[in-house]
Amino acid sequence: MKKELYVRNGIVLALTTLLIRSIGMVFRIFLCDTLGAEGMGLYQLILSVYIVFAAVSSSGVSLCATRLYADHMAAGDGGKALYAVRRCLLFSMLTGIMAGGLLLLSAEPIAAGILHDQRAAASLRILAPSLPFLAVSACIRGYFLARRKTLPASAEQFLEQVLEIGCFMLLFSVQKPQTLSDACAMTVTGTTIAEVLSLIFSLGCYYHDKKRLDSQSVPFRGLWRQMLPVFLPVSANACLRSGLSAAENALIPVGLQRWGYTEKEALSRYGVISGMSMMVLVFPSVLILPFAALIVSEIAEVRVRRHTKSVRHISEVMLIKTLQFALPVTVLFLFYAEPLCLLLFKNAEAGKYLSLLAPVIPFMYLDSVVDALLKGLNEQTGYFIFNTIDSVVRVLLTIFLLPIWGIYGVIVVIIVSELLNTLLSLWRLVSVTRLRLSFRRHILLPLALMLLPCLLLRLLPSIGYGGWDVIFRIGTACLFYAAALYAGQKCRLSAASLGKKTGETRFT
């Protein structure tokens, strides 16, 4: 694996994703002010259905483009790699058209029978035409990830985000929405227009890049035999998991009403957790998820060449870096969840839920990285089974716990789900790679290095305005943690170097 290229591409993709998510968070804060908690709940229900159809149209084909291109290039068959990508593009268009047509025809029944809110129907109909464009864009993104070229994919996602926000702001400035249904429809109109325009940009990048390749597309037999073992488990998993997730999201307001909330209160509480607390919870992951996406093609190439030790080393490094990032984020949210949500949303309730969910962050972030490693190792079947178990458990817990515990039942469902899915996937990864981690060095040490500055900062008086105070404290704690981690790494490298010179046992 070309480490320097991987790190450089990961940094480019991470910084671009951070910029995109930051813009998206600002837009989401504006939506919270515009739609309110109830409107955010309705918007999240609409998105949960849309994600199901997006998964049907794009998830498996995107990974096929990445895996098939990487596998054939590792075997020295550039022509076959290009042919496989061309067929994946055609297949993604067909799946997108089918998914879009199905959503268009079923928008009314889904809104009335599943979401129990007729106001969602118009937004679902508007989103339906975006699915073919989304599917082809996702396939092209998979191609560029396999090519280790992150700039075109990053630029396309940035353009899509800007176009989505720009279209909404234009529509909002022309005519302010009178109802929540109109406001959601305006928001998703921007999504559909952005998908169309960003695909045009993606196609231009794809054809420009393809012209620069020495290889020409070479048809070959057996493509479907290579595609189906990748496509079917991943696509089935994405469809089933997103479908069960949509069912869970639809059941949450119903379960909260059974506990005692009114319909408006239930939708508002759901909007606070899903549209505010969860958004902040997953936001820091933008700095590690790009590396997880890139590792699929890297580890697939190492697997094809049967470099077992390299597979284990890459897996260990990915998990260690994820823990070194996720554990400090957990500590920060435990200390500063409420002031942070007050700063962002002016909503203390979102901060309370965020602090309760903070301990699940290491498992949530690890799950994304472990899933990417399993995909690269051709372990789609196990990945599918574990995610299916997780999704079924989530739905069952939602049905039984929410009428008893109310909104805290939602918290329990999220925590149990993340623990279950991550531990199952991690067990499979350990079984395949035989990787090893140190509990003291890789778990206790990162926790201690972030816990210490957070405790010391509590002794300082407030520096004034609450927003500046929380930013100062979080920034100071992060600087201390980064400096301590860097110093520890330097000490270990120096000790290892000294051990090699003197013939002593090398530190690991």
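Lys149 is partly exposed, because its relative accessibility is 26%. Its salt-bridge partner is Asp209, at 2.6 Å from N to O. This is a predicted model. The briefing covers salt bridges, two single residues, one pocket and one cavity.

**Salt bridge Asp209–Lys149**

- The pair links distant parts of the chain, 60 residues apart.
- Asp209 sits in helix α6 (residues 180-211), while Lys149 sits in the loop between α4 (131-146) and α5 (150-174).
- Asp209 counts as buried because its relative accessibility is 4%, under the 20% cut-off.
- Lys149, at 26%, counts as partly exposed.

**Salt bridge Arg394–Glu248**

- The side chains of Arg394 and Glu248 form a salt bridge at 2.8 Å, N to O.
- Arg394 lies in helix α13 (residues 380-405) and Glu248 in helix α7 (residues 223-259), so this pair ties together parts that are 146 residues apart in sequence.
- Both Arg394 and Glu248 are buried.

**Salt-bridge network and total**

- Glu38, Asp117 and Arg119 are joined into one network by salt bridges that share partners.
- Within it, the side chains of Asp117 and Arg119 meet at 2.7 Å, N to O.
- Asp117 is buried, because its relative accessibility is 8%.
- Arg119 is partly exposed, because its relative accessible area is 27%.
- The count of salt bridges comes to nine.

**Ser425**

- Ser425 belongs to helix α14 (residues 407-433).
- Ser425 counts as buried because its relative accessibility is 0%.
- Not counting residues up to four places away in sequence, Ser425 touches Asp367, Val370, Asp371, Leu374 and Phe386.

**Leu485**

- Leu485 is part of helix α16 (residues 466-502).
- Leaving aside neighbours within four places in sequence, Leu485 is in contact with Gln324 and Leu449.
- Leu485 and Gln324 are 161 residues apart in sequence. In space, their C-alpha atoms are 8.8 Å apart.

**Second largest pocket**

- The second largest pocket holds about 220 Å³ of space.
- It is lined by 13 residues, and the closest to its centre are Leu89, Leu90, Met93, Leu203 and Tyr207.
- Helices α2 (78-114), α4 and α6 each supply at least two residues of the lining of this pocket.
- By class, the pocket lining has ten nonpolar residues, three charged and no polar.

**Second largest cavity**

- The structure holds two cavities of 30 Å³ or more.
- The volume of the second largest cavity is about 40 Å³.
- Elements giving two or more residues to the lining of the second largest cavity are α4, α5 and α6.
- The largest share of this lining comes from α4, with four residues.
- The second largest cavity is lined by Ser137, Ile140, Arg141, Phe144, Pro152, Ala153, Glu156, Ser202 and Cys205.
- The lining of this cavity divides into five nonpolar, two polar and two charged residues.

**Points to look at in the structure**

- For a salt bridge with a buried and a partly exposed partner, view Asp209, buried at 4%, beside Lys149, partly exposed at 26%.
- For a salt bridge with both partners buried, view Arg394 and Glu248.
- Helix α6 holds Asp209. Helix α6 also supplies at least two residues of the lining of the second largest pocket, and two or more to that of the second largest cavity.

Terms used: Residues numbered from 1 in each chain as written. Predicted model: local features only at pLDDT ≥ 70, side-chain atom pairs only at ≥ 80, totals over all residues. Heavy atoms only, no water. Buried < 20%, exposed > 50% of the residue type's maximum accessible area, 1.4 Å probe, protein only. Contact = heavy atoms within 4.5 Å. Salt bridge = Lys/Arg side-chain N within 4 Å of Asp/Glu carboxyl O. 1 Å grid on protein atoms, 1.4 Å probe; cavity = no way out; pocket = protein on both sides within 12 Å on 5 of 7 lines; lining within 4 Å. Points joined across faces, edges and corners; volume = space filled by probe spheres on them. Nonpolar A, V, L, I, M, F, W, Y, C, P; charged D, E, K, R; others polar.
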